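Q: Please take a close look at the salt bridges in this structure. Describe where the partners sit, and then what else can be said about the parts around them.

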Amino acid sequence: MRTPFTSEVISDVHESSICIRLYLDECTQISFSGNFNVCSLSCFPAQGHGAKGDNEYEFSLEFLESVEPQVTHRSTQRQVNITVRKQEHSWWDRLTLQERKPVFLAPDFDRWMEESDAEMELRAKEEKISKISVESRSPKDPYLGLKRGYLFMYNLVQFLGFSWIFVNMTVRLFILGQDSLYDTFHTIADMMYFCQILAVVEVVNPALGIVRTGLMPPLIQLVGRNVILFVIFGSLEDMQNKAVVFFVFYLWSIIEIFRYPYYMLACISTEWTMLTWLRYSLWIPLYPMGVLAEAVAVIQSLPIFDETRLFSIPLPESLGSSLSFSYSLQIYLVLMFLGLFINFRHLFRQRKRRLRPKRRKLH
Ligand SMILES: CCCCCCCCCCCCC/C=C/C(=O)SCCNC(=O)CCNC(=O)[C@H](O)C(C)(C)COP(=O)(O)OP(=O)(O)OC[C@H]1O[C@@H](n2cnc3c(N)ncnc32)[C@H](O)[C@@H]1OP(=O)(O)O
């Protein structure tokens, strides 16, 4: 008697069954004959026909617990798959009675299942079924192609805009060194104005149901950035040649050169794992750094607003001449950290949802 396999038998274990795969050596055809034993000791006798003629083959395994006598098997030219049903549906600590597994036996970890995997698998199946039933109940959107085309173009334009900003700032930093920090505004502001005005679309999109996300996080981001860009930098010439402009613009642009391509791929139902990871991870250091840089800009602008009285609110003479805009900005400083907290929590949830490990595919 010989074993029908070359070097190893691969097996995988599920709650209710075991699948054993034999990789055939000289056999081109193999058929199992006779009955397989009940209880835990199973003999697998077979007749094979191959290059070396007809041969009898056999191997045996003593399973940890009892198995059903009926065994199903399917043969191809390269391998035989034997499925053995467990008598009781339960999770086994190991496959064989003997603690050391036979040398010819190797687990197939791609298909191996443990109790926790099975639960995950069940949950994934339930989620899939409920998704399919929701999809089948909701009518197909006739404007889907149009919406996707519009979003793709929007994201492309933003990606090009922010890439231009990022590349321009990086090149200038390399060529001019520290000097480049002080005239960022004059070289970059027009493009940043364009991108940030266009970003109004990001609040309009969820409001019109074009993208399925909350209104608040993009609104906080839009208002937050535009206050800094238009009110702090745009209206105060004294702020425009400060180094903080460089840090604010650079931090904004780094996140966007990953976020917009991610959205572009989403529009064509494509996903690159690395890009998804970057989109949902880079914000962890960048968002607090960005808000910190913005807070520095606000703090630096306070004495300038006090001095210039720009945007100050006129008061009745009895209360003094006017209320400096710097008071509003001090309240805004508190709101900024509240906004950071709301968006950080939102992005953290999004990250958990998007980077959830994908379930292993079985069979
Ligand atoms: C009432 C107003 C109060 C104002 C108070 C003011 C206080 C302000 C203080 C805050 C200051 C913040 C200023 C900002 C600073 C910085 O930017 S610092 C630099 C670093 N910044 C970041 O890291 C933030 C980057 N921004 C974002 O991540 C987002 O813009 C977001 C608004 C924070 C979250 O976006 P959201 O769209 O909700 O999440 P996503 O996971 O990205 O998308 C959800 C789904 O929607 C789809 N989608 C969204 N947009 C698009 C699009 N343009 N095109 C295509 N698809 C889009 C996306 O694919 C997701 O779909 P699913 O995957 O199917 O869920």
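A: Lys-147 is partly exposed, with a relative accessible area of 25%. The model is predicted, and every value here is computed from it. Lys-147 forms a salt bridge with Asp-141, and the closest N and O atoms of the two are 2.6 Å apart. Asp-141 is likewise partly exposed, at a relative accessible area of 31%. Both values fall between the limits of 20% and 50%, so neither Asp-141 nor Lys-147 counts as buried or as exposed. Side chains of opposite charge can pair when their charged atoms come close.

The pair of Asp-141 and Lys-147 belongs to a total of six salt bridges. Two others can be described in the same detail. In one of them, Arg-259 pairs with Glu-202, with 3.1 Å between the closest N and O atoms. Arg-259 lies in helix α7 and Glu-202 in helix α4, so this salt bridge ties together parts that are 57 residues apart in sequence. Arg-259 has a relative accessible area of 8% and is therefore buried. Glu-202 also counts as buried, because its relative accessibility of 14% is under the 20% limit.

The other salt bridge joins the side chains of Glu-256 and Arg-225, at 2.8 Å from N to O. This pair, too, links distant parts of the chain: Glu-256 is in helix α7 and Arg-225 in helix α5, 31 residues apart. Glu-256 is buried, with a relative accessible area of 0%. Its partner Arg-225 counts as buried at 7% relative accessibility. Glu-202, Arg-225, Glu-256 and Arg-259 are linked in a network of salt bridges.

Helix α4, which holds Glu-202, spans residues 201-208 and also contains Asn-205. Asn-205 is buried, with a relative accessible area of 3%. The side chain of Asn-205 makes a polar contact of 2.7 Å with the side chain of Tyr-150. Apart from neighbours within four places in sequence, Asn-205 touches Tyr-150, Leu-151, Ile-210 and Val-211.

The helices of the network also lead to the ligand. Helices α5 (216-234) and α7 (243-267) each supply at least two residues of the shell around the ligand, as do α2 (144-176), α9 (283-308) and α10 (325-354). The shell is made up of 37 residues, and the closest are Tyr-263, Tyr-280, Gln-350, Arg-353 and Arg-354. By type, the shell residues divide into 22 nonpolar, eight polar and seven charged.

Several side chains place polar atoms within reach of the ligand's own. In Gln-221, an N or O atom of the side chain is 2.8 Å from a nitrogen atom of the ligand. Tyr-263 has a polar side-chain atom 2.5 Å from a ligand oxygen. For His-346, the distance from a polar side-chain atom to an oxygen atom of the ligand is 2.6 Å. The ligand on its own has 1,400 Å² of accessible area, and the protein covers 88% of it.

Past the end of helix α7, the loop between α7 and α8 (273-279) holds Ser-269. Phi of Ser-269 is near 50°, a positive value in a residue other than glycine. Ser-269 is exposed, because its relative accessible area of 56% is over the 50% limit. Phe-311 likewise has a positive phi, of about 60°, without being a glycine. Its place is in the loop between α9 and β8 (313-314). Phe-311 counts as partly exposed, at 43% relative accessibility.

As for the setting, the chain has ten helices and nine strands. Of its 363 residues, 43% count as buried. Among contacts between residues at least 6 apart in sequence, 67% join residues at least 24 apart. The two salt bridges described above that join separate helices span 57 residues for Arg-259 and Glu-202, and 31 residues for Glu-256 and Arg-225. The chain as a whole exposes about 21,300 Å², of which carbon and sulfur atoms supply 60%.

Note on methods:
Residues are numbered from 1 along each chain as its sequence is written. This is a predicted model: local features need pLDDT of at least 70, side-chain atom pairs count only at pLDDT 80 or more; totals for chains, interfaces and linings use all residues. Side-chain values use heavy atoms; hydrogens and water are left out. A residue is near a molecule or strand if one of its heavy atoms lies within 4 Å of it. A polar contact is a pair of N or O atoms within 3.5 Å; within protein, one must be able to donate a hydrogen and the other to accept it, and residues adjacent in sequence count only if both atoms are side-chain atoms. Accessible areas come from the Shrake-Rupley method with a 1.4 Å probe; for residues, only the protein chains shown count as cover. Helices (H or I, at least four residues) and strands (E, at least two) are DSSP runs, numbered from the N terminus. Ala, Val, Leu, Ile, Met, Phe, Trp, Tyr, Cys and Pro count as nonpolar, Asp, Glu, Lys and Arg as charged, and the others, Gly among them, as polar. Buried means under 20% relative accessible area, exposed over 50%, partly exposed in between (1.4 Å probe, protein chains only). Contact means heavy atoms within 4.5 Å. A salt bridge is a side-chain nitrogen of Lys or Arg within 4 Å of a carboxyl oxygen of Asp or Glu.
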